[in-house]
Amino acid sequence: IFVTQGRYSESAIKAMLVRPEDQAAAVAKLIEKAGGHLIDYYVLFGEYDWMIIYEVPSGKEAAAIVLTAMGAGAVTGTKTMLAMTTIDAKAAFEAGAALAAGYQTPGTA
């Protein structure tokens, strides 16, 4: 699951002021073409204009989705994060604990 936040480009805002539209269907279609599905789409007021939550097979597909939208000139200033369930996070901490035993920190050799 990935979360991407971003801003609409100036040209996208101008176009939406002339013809307001709900972008959720277009975003869902793009994500589906990348092999995933849109969980939710929010419009924000603040540092970012929008946030999407979606599931795709890997970071490669997440990057492709964002690059497609940015390349089209519709969005700018994106930030994408991997989201984990608490169960997945616990497993990551367990894996990290196992790796930590053999990890040599800089300057301790």
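Strands are taken here as DSSP runs of at least two residues, numbered from the N terminus, and two of them count as paired if DSSP finds at least two bridges between them. In this predicted model, S2 and S3 form a hairpin with six residues between them. Gly46, which lies in the turn, has a positive phi of about 150°. The two strands of the hairpin run antiparallel and are joined by six bridges; within this pairing, Leu38 stands opposite Tyr54 in S3.

The hairpin belongs to an open sheet of four strands, arranged in the order S2-S3-S1-S4 with antiparallel pairing. Strand S2 (37-43) and strand S4 (75-82) each have a single partner strand and stand at the edges, so one side of each is left without a neighbour in the sheet. On average, neighbouring strands of the sheet are turned by 20° against each other, direction ignored. Strand S1 (residues 2-8) is connected to S4 by six bridges, and these two strands run antiparallel. Here Val3 stands opposite Met81 in S4.

Two helices pack on the sheet. Helix H2 (residues 24-33) touches S2 and strand S3 (50-55), and its direction makes about 145° with that of S2. Helix H3 (residues 59-71) touches S1, S3 and S4, with a direction at about 170° to that of S4.

In H2, the buried residues are Val27, Ala28 and Ile31. Viewed down the axis of H2, these buried residues fall within an arc of 100°, so they line one face of the helix. They pack against S2, S3 and H3. The face of H2 turned away from this buried side carries Ala25, Lys29, Glu32 and Lys33, which are exposed. Gly35 follows the helix and has a positive phi, near 90°.

H3 can be described in the same terms. Its buried residues are Glu61, Ala62, Ile65 and Val66. Seen down the helix axis, the buried residues of H3 lie within an arc of 135°, and they therefore line one face of the helix. Their packing partners are S1, H2, S3 and S4. Lys60, Leu67 and Gly71 are exposed on the face of H3 turned away from its buried side. The length of H3 was also examined: at 1.5 Å a residue, its 13 residues should span 18 Å, and the C-alpha atoms at its ends are 18 Å apart, which agrees. After H3 comes Gly73, with a positive phi near 85°.

The largest nonpolar core contains 15 residues. Those that touch the most other members are Tyr8, Ile31, Tyr41, Trp50, Ile52, Tyr54 and Val56. At least two residues of this core are supplied by each of S1, helix H1 (10-18), H2, S3 and H3. Ile31, listed among these core residues, is also one of the buried residues of H2.

Tyr54 illustrates the contacts made by a member of this core. With its neighbours within four places in sequence left aside, Tyr54 is in contact with Ile1, Phe2, Val3, Thr4, Ile31, His37, Leu38, Ile39, Ala62, Ile65, Val66 and Thr80. Among these partners, Leu38 is the residue that stands opposite Tyr54 in the pairing, while Ala62, Ile65 and Val66 are buried residues of H3.

Key
Residues are numbered from 1 along each chain as its sequence is written. This is a predicted model: local features need pLDDT of at least 70, side-chain atom pairs count only at pLDDT 80 or more; totals for chains, interfaces and linings use all residues. Side-chain values use heavy atoms; hydrogens and water are left out. Axes are lines fitted to C-alpha atoms, for helices over the stretch in contact, and angles run from 0 to 180 degrees between N-to-C directions. Contact means heavy atoms within 4.5 Å. The expected span of a helix is 1.5 Å times one less than its number of residues. Buried means under 20% relative accessible area, exposed over 50%, partly exposed in between (1.4 Å probe, protein chains only). The arc is that of the directions from the helix axis to the C-beta atoms. A nonpolar core is a set of buried Ala, Val, Leu, Ile, Met, Phe, Trp, Tyr and Cys residues joined through side-chain atoms within 4.5 Å.
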